[in-house]
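Reader: I would like to learn how to read the empty spaces and a few backbone details of a model. Where should one begin?

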Amino acid sequence: MSSLSKSLQNPWKSPEPAVLEDLRTSLLRWYGDAGRVLPWRKERDPYPIWISEIMLQQTQVKTVLPYYDRWLHAFPTLETLAQADLQQVLKLWEGLGYYSRARNLHRAAQQVMEEHQGIFPQQLEAVLSLPGIGRTTAGGILSAAFNQPISILDGNVKRILARLITLPKPPGKSQKQLWELSDAILDRDNPRDFNQALMDLGATLCTPKVPKCDHCPWNSHCLAHQTGTPTHWPMRETPPVRPHKNIGVAVIWNDRGQLLIDRRLDKGLLGGLWEFPGGKLEPGETLPECIKREIQEELAIDIEVGDHLITIDHAYTHFRVTLNVYNCRYCSGTPQAIECQEIRWVTLEELDQFPFPKANLKIIEALREQGIGYKQ
């Protein structure tokens, strides 16, 4: 075992200066040769860097790239984002998931306009006070935009560090120690490139399932590689069983060929997005009974449940849902926004104007294949 590896065996003790210097030098050399060319890395304006950091949370680069381009075309400056309507923001985010990120970007832009005269702050505490920005995101923005020596600890970095020292506990139970190690390893003379290099290392070489250890600049120091067990690390906690929700969903048609949609409350999962109304199947209910009950409770109208349109299985972070979607006919009553913000009758063509959750987009596709109108 090398002296570098020996000095890293205790994750609670900062590595020796020679070890740190070797890690920094080798990583930056590798990054200079193999670093990814990404549009936000050309930027020094904190606004587009901030947008990229938020979009990249729990989302792959290849998915983010077209959204990033469309976003900056629609909202080229922080001020234009702050002045935008939230529905426009959510529509542009449609399909990217974790919609609280978009709502937080919108609120944070308004906060920067109000509290910082429209200039993105350079002080760590001020950045951390903005909605949706935690320590890693703040470090990513401030190091990339201003070359500030602030470390990061996203999922990729946790995996790299856990393998480097064969961390004896799951990362979730070792946050303090991992932050100390990330702080210690950071190249304070070139934090911008170092943090970007660390993220690239996790995204391209030190991957979860098939790490490319032979190409890694840290392989001679990595205990997981030396023991031949890289995929054993980081240690995992037993994941909780994700609950499953069976949902009845109504596509309600009126006699003019219009559909009834409602807008969710701003708070909570998918807040502010539009959807086809419905609710959870109760024990002993059939799906048509569930849909009739939910629509009466949520909208105070009577409907006739018709044919089955589509069944959609969708997984969220902490639970799974099955959407059982039925065409329905509006019968009587005045729709009321009892458990939502707003209700609208719209045509099939007008649905494109509204931001919907990803699962609901599949309903819209099925409706277009079906054509207009209620079916018994």
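**Reading the model**

Author: Start inside, with the largest cavity: H10 gives the largest share of its lining, 3 residues. Keep in mind throughout that this is a predicted model.

Reader: How is such an empty space found, and how many cavities of 30 Å³ or more are there here?

Author: The general idea is that a probe the size of a water molecule, rolled over the atoms, shows where empty space is left. In this structure the count is 1 cavity of 30 Å³ or more. The space in the largest cavity is about 130 Å³.

Reader: Which residues lie nearest the centre of the largest cavity?

Author: Arg163, Cys206, Cys213, Cys216 and Cys222 lie nearest the centre, out of 15 lining residues. As for elements, at least two lining residues come from each of H10 and H12. By class, the lining of this cavity has 11 nonpolar, 2 polar and 2 charged residues.

Reader: Now the open spaces. What is the volume of the largest pocket, and which residues lie nearest its centre?

Author: A pocket is read in the same order as above: volume, centre, elements, classes. The volume of the largest pocket is about 1400 Å³. Its lining consists of 40 residues, and Gln58, Asp154, Gly155, Asn156 and Arg159 lie nearest the centre. Two or more lining residues come from each of helix H4 (61-74), helix H7 (100-115), helix H9 (135-146), helix H10 (155-165) and helix H12 (191-205). The lining of the largest pocket divides into 15 nonpolar, 14 polar and 11 charged residues.

Reader: What is the volume of the second largest pocket, and how do its lining residues divide by class?

Author: The second largest pocket has about 620 Å³ of volume. Of its 26 lining residues, Ile247, Arg264, Glu275, Gly278 and Gly279 lie nearest the centre. The elements that contribute two or more residues to this lining are strand E1 (244-253), strand E4 (278-280), helix H14 (287-299), strand E6 (320-332) and helix H15 (358-370). By class, the lining of the second largest pocket has 15 nonpolar, 3 polar and 8 charged residues.

Reader: H4 has come up as a lining element. At what angle do helix H3 and H4 pack?

Author: For a helix pair, one reads the angle, the axis distance, the handedness and then the contact residues. Helix H3 (residues 46-55) packs with H4 at an angle of about 145°, and the axes are 10 Å apart. The crossing of H3 past H4 is right-handed. On the H3 side the contact involves Tyr47, Pro48, Ile51, Ser52 and Met55, and on the H4 side Val64, Tyr67, Tyr68, Trp71 and Leu72. These contact residues divide into 9 nonpolar, 1 polar and no charged.

Reader: H14 was among the elements of the second largest pocket. Is Lys292, which is found in helix H14, buried or partly exposed?

Author: The general idea is to compare the relative accessibility with fixed cut-offs: under 20% is buried, over 50% is exposed, and partly exposed lies in between. Lys292 has 42% relative accessibility, so it counts as partly exposed. Leaving out residues up to four places away in sequence, Lys292 touches Ile303 and Val305. Lys292 and Val305 are 13 residues apart in sequence, with a C-alpha to C-alpha distance of 7.2 Å.

Reader: And the backbone details: which residues have a positive phi although they are not glycine?

Author: Here one reads the angle and then the place in the chain. Leu270 has a positive phi of about 60° without being a glycine. Leu270 sits in the loop between strand E2 (259-263) and strand E3 (274-275). The relative accessible area of Leu270 is 11%, so it is buried. Ala300, also not a glycine, has a positive phi of about 65°. Ala300 belongs to the loop between H14 and strand E5 (302-315).

Reader: Where is the cis peptide bond of Pro234 placed?

Author: For a peptide bond the angle to read is omega. The bond from Trp233 to Pro234 is cis, with omega near 0°. Pro234 is in the loop between helix H13 (223-226) and E1.

Reader: To finish, the whole chain: how many helices and strands does it have?

Author: The chain has 15 helices and 7 strands. Its C-alpha atoms fill a box of roughly 80 × 50 × 30 Å along the principal axes. Of its 376 residues, 52% are buried. Among contacts with a separation of 6 or more, 68% are between residues 24 or more positions apart.

Terms used. Residues are numbered from 1 along each chain as its sequence is written. This is a predicted model: local features need pLDDT of at least 70, side-chain atom pairs count only at pLDDT 80 or more; totals for chains, interfaces and linings use all residues. Side-chain values use heavy atoms; hydrogens and water are left out. On a 1 Å grid over the protein atoms alone, a cavity is a set of points where a 1.4 Å probe fits but cannot get out, and a pocket is an open set with protein on both sides within 12 Å along at least five of seven lines; lining residues have an atom within 4 Å of a point. Grid points are joined across faces, edges and corners, and a volume is the space filled by probe spheres set on the points. Helices (H or I, at least four residues) and strands (E, at least two) are DSSP runs, numbered from the N terminus. Ala, Val, Leu, Ile, Met, Phe, Trp, Tyr, Cys and Pro count as nonpolar, Asp, Glu, Lys and Arg as charged, and the others, Gly among them, as polar. Axes are lines fitted to C-alpha atoms, for helices over the stretch in contact, and angles run from 0 to 180 degrees between N-to-C directions. A crossing is left-handed if the near helix is turned anticlockwise from the far one by less than a right angle, and right-handed if clockwise. Contact means heavy atoms within 4.5 Å. Buried means under 20% relative accessible area, exposed over 50%, partly exposed in between (1.4 Å probe, protein chains only).
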